[in-house]
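Subject: Structure for your review

Dear colleague,

Please find below the structure that I am handing over to you. My notes on what was found in it follow directly after it.

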Amino acid sequence: MFYRPAIESVAYTEFKTQLSEGNVKNIRVKGEVLKGEFKEAVERGAGDRKKEIVYFKTVFPSFGDHDLMKLIEKRNVTVFTEKDERSWFSILLINLLPWILIIGFFVYSSRQFQQRMGGGQGFFGFGKSKAKLYDRSVGDVTFQNVAGLANAKQELGEVVDFLKDPSKFNQLGGKPPKGILLAGAPGTGKTLLAQAAAGEADVPFYSISGSEFIEMFVGVGASRVRDMFAQAKKEAPVIIFIDELDSIGRFRGAGLGGGHDEREQTLNQILSEMDGFSPNDSVVVMAATNRPDVLDPALVRPGRFDRKVVLELPDKPAREKILAIHSDAITISGDVDLSVVAGATAGLSGADLKNIVNEAAIIAGRRDKNQVESEDMHEAVDKIRMGPERDQFISDDEKKTIAYHEAGHALTAKNLVGTDPLRKVTIIPHGQALGMTEQIPEKDRHTYTKQYLLNRIAILMGGRTAEQIVFNDISSGAANDLKQATETARRMVCQWGMSEKLGPVNYSQGESHPFLGKEMTEPKKHSEDTAGIIDAEIQAIIHEMEKTCRTILEKRRDSLEALAEALISRETIEDEELDEIVKDNETEPDN
Ligand code: ADP
Ligand code: ZN
């Protein structure tokens, strides 16, 4: 990957100074925002905050600036103008927002007032029925609409049986399920599964989202919860679904300031509702979270959310099935092989896959086709995996650097044994990345061998090393590669016992987050001496792998040049073509 430094905000006066000194390369104008590039990096700040600004943005003053245009002309700066994409609707909304809030507050206080006065019509005639407190549906979604997740479906099967015939369950003397925690990464189908359970049991589905409470006025959350439970109980058997439970159910006392009281009151209300169930209430509460680790222990006590169902990211067959389910609604050409698409989407969630299908349909539509073809599908995969393609200013020099950098990654990957096959190399910017080398695993990997991890580090170092070999200089574009390589090496040493010096001992400095992969820090458990050895081992691994990729790239210099040139002229090189370019220039076969 090749990253470009972030765009930094600068004062308008600073921008003017740089402009008059002739240090502004180009300017892109969009509404009142000016973005652009300095010719030479401008240093600002001191100490830790010191930064070099290359890409800047600033806001044109509302009182205008008469001599800006003269200065731009004098300095001969290229100016691009873009249409302001903010629609009249959003501008209208921004202007109306304060009013909506004020009116909303009146509606709210009149509702509170009514409740205290024991119901009836409020001051302004806003009846209770008009205020939307939660969503209720009787869905036609069933387990058929959910691909994969066999374990989760099986566990929920019991809940479905209970809701279908509560009396039978009670006779058998089983403990009826009351609260179920659905834990899984975002988009793994938690909401869908809860809905499907309601559909299977043919019961109403009430849903409310935890995050909505946080911005609310104090007291609203709790009263919503009270209302929803009261309504739902009347319709029992029923499923109540609370989305994003962690946003209200975080460990109490660990609040992040604002909205804290509200969160606690809402949570207490949910708990007291659940405690108040009698065994005959056939109400099942399901709650979704992607952070089961931060939940308040009170939530998972017996009689509350005491069952946990974990939703995994889909494996390859499940991905194919999810793609098939969502492709039903669109027309797909015969050349689309969903199993290939499933193979290229390891690590993506059900929601991502659904987005890919939608995106492919949009792309095909834009091309005036009446069916989605393979190329549309693959473009959609790239877009979801790497972010949308972006127009960027890329100078010829920069393009050349990126091309060699990516060619370095690709060639290293090609010449190592046991790596994931290479699918694509591109220097078209996607999201923040200006270039990408994409490898697709042949199968889903759950464990990694030491050799695989070492190869991965070598490939990551390949970009920077290629720059070094070709230009005898390095750019900042490799920052992310270095971070990933270091992180991988650290885990090899600390978590996986892959360092000979330190042996099979765990030196974890933190538990990693179960779904998001983020490190959660925890005090170190080893001595400073050991910390020194750990760092030395990490360095040794990285240096060793840097050497490995340098050897490959120097030996394959011809291929490196050929691939980089192909990238400069065609920007994206894929599959067989990639093999061809690399093979044609191979002078001696490697073993
Ligand atoms: P979560 O609640 O876990 O964030 P959702 O249930 O909202 O995820 O999933 C979003 C969408 O992704 C669903 O509406 C569904 O269309 C699709 N999806 C996710 N997982 C699956 C799956 N296993 N089978 C079919 N579709 C899925
Ligand atoms: Zn890179």
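Is C549 buried or exposed? C549 is buried, because its relative accessible area is 0%. Please keep in mind while reading that this is a predicted model.

Cysteines

A second cysteine, C494, also counts as buried, at 4% relative accessibility. The structure holds zero disulfides. As background, a disulfide is a covalent bond between the sulfur atoms of two cysteines.

The nonpolar core

The largest nonpolar core has 48 residues. Those with the most contacts inside it are I457, M492, V493, I534, I541, L560 and L567. Several elements give two or more residues to this core: the helices α15 (396-414), α16 (450-471), α17 (479-494), α18 (528-555), α19 (557-570) and α20 (575-584), together with the strand β13 (422-426). Which of them gives the most? That is α16, with nine residues.

One loop residue may be considered alongside V493. Y507 is placed in the loop between α17 and β15 (510-512), and Y507 is buried, since its relative accessible area is 13%. In sequence Y507 and V493 are 14 residues apart, while their C-alpha atoms are 8.0 Å apart in space.

Aromatic pairs

A pair of aromatic rings is described by the distance of the centres and the angle of the planes. In this model the count comes to seven aromatic pairs. One of them is formed by F205 and F241, which are stacked, with 5.7 Å from centre to centre and 25° between the planes. F205 lies in strand β9 (residues 205-209) and F241 in strand β10 (residues 238-243), so this pair ties together parts that are 36 residues apart in sequence. Both rings belong to buried residues: F205 has 3% relative accessibility, and F241 has 1%.

Another pair consists of Y448 and Y452. Their ring centres are 5.5 Å apart and their planes stand at 20°, so this pair is stacked as well. Y448 is partly exposed, with a relative accessible area of 39%, whereas Y452 counts as buried at 12%. Why do these two tyrosines fall into separate classes? Buried means under 20% relative accessible area, so the 12% of Y452 places it in that class, while the 39% of Y448 lies between 20% and 50% and makes it partly exposed.

Ring pairs also link Y12, F15, F38, F56 and F60 into a cluster.

A nonpolar patch on the surface

Nonpolar residues are found on the surface too. L92, L93, L96, L97, W99, I100, L101, I102, I103 and F106 form a nonpolar patch there, and together they have about 990 Å² of accessible area. F106, one of these residues, is found in helix α3 (residues 88-116). At 47% relative accessibility, F106 counts as partly exposed.

Salt bridges

Side chains of opposite charge can pair when their charged atoms come close. The count here comes to 25 salt bridges. Three of those that link distant parts of the chain are described below.

- R423 forms a salt bridge with D382, and the closest N and O atoms are 3.1 Å apart. R423 is in strand β13 and D382 in helix α14 (residues 374-386), 41 residues apart. Both R423 and D382 are buried.

- E438 forms a salt bridge with R385, with 3.2 Å between the closest N and O atoms. E438 belongs to strand β14 (residues 433-439) and R385 to helix α14, and the two are 53 residues apart. E438 is buried, with a relative accessible area of 4%, but R385 is partly exposed at 32%.

- E537 forms a salt bridge with K501, the closest N and O atoms being 3.8 Å apart. Here helix α18, which holds E537, is linked to the loop between α17 and β15, which holds K501, and the two residues are 36 apart in the chain. E537 counts as buried at 11% relative accessibility, whereas K501 is exposed, with a relative accessible area of 67%.

Finally, R367, K369, E373, E375, D376 and E379 are linked in a network of salt bridges.

With kind regards

Technical notes
Residues are numbered from 1 along each chain as its sequence is written. Chains are lettered from A and ligands numbered from 1 in the order in which they are written. This is a predicted model: local features need pLDDT of at least 70, side-chain atom pairs count only at pLDDT 80 or more; totals for chains, interfaces and linings use all residues. Side-chain values use heavy atoms; hydrogens and water are left out. A disulfide is a pair of cysteine sulfur atoms within 2.5 Å. Buried means under 20% relative accessible area, exposed over 50%, partly exposed in between (1.4 Å probe, protein chains only). Rings of Phe, Tyr and Trp (its six-membered ring) pair if their centres lie within 6.5 Å; planes under 30 degrees apart count as stacked, over 60 as edge-to-face and the rest as tilted. Helices (H or I, at least four residues) and strands (E, at least two) are DSSP runs, numbered from the N terminus. Patches are made of residues with over 30% relative accessible area and no salt bridge: like charges are joined within 9 Å, nonpolar side chains (Val, Leu, Ile, Met, Phe, Trp, Tyr) within 5 Å. Accessible areas come from the Shrake-Rupley method with a 1.4 Å probe; for residues, only the protein chains shown count as cover. A salt bridge is a side-chain nitrogen of Lys or Arg within 4 Å of a carboxyl oxygen of Asp or Glu. A nonpolar core is a set of buried Ala, Val, Leu, Ile, Met, Phe, Trp, Tyr and Cys residues joined through side-chain atoms within 4.5 Å.
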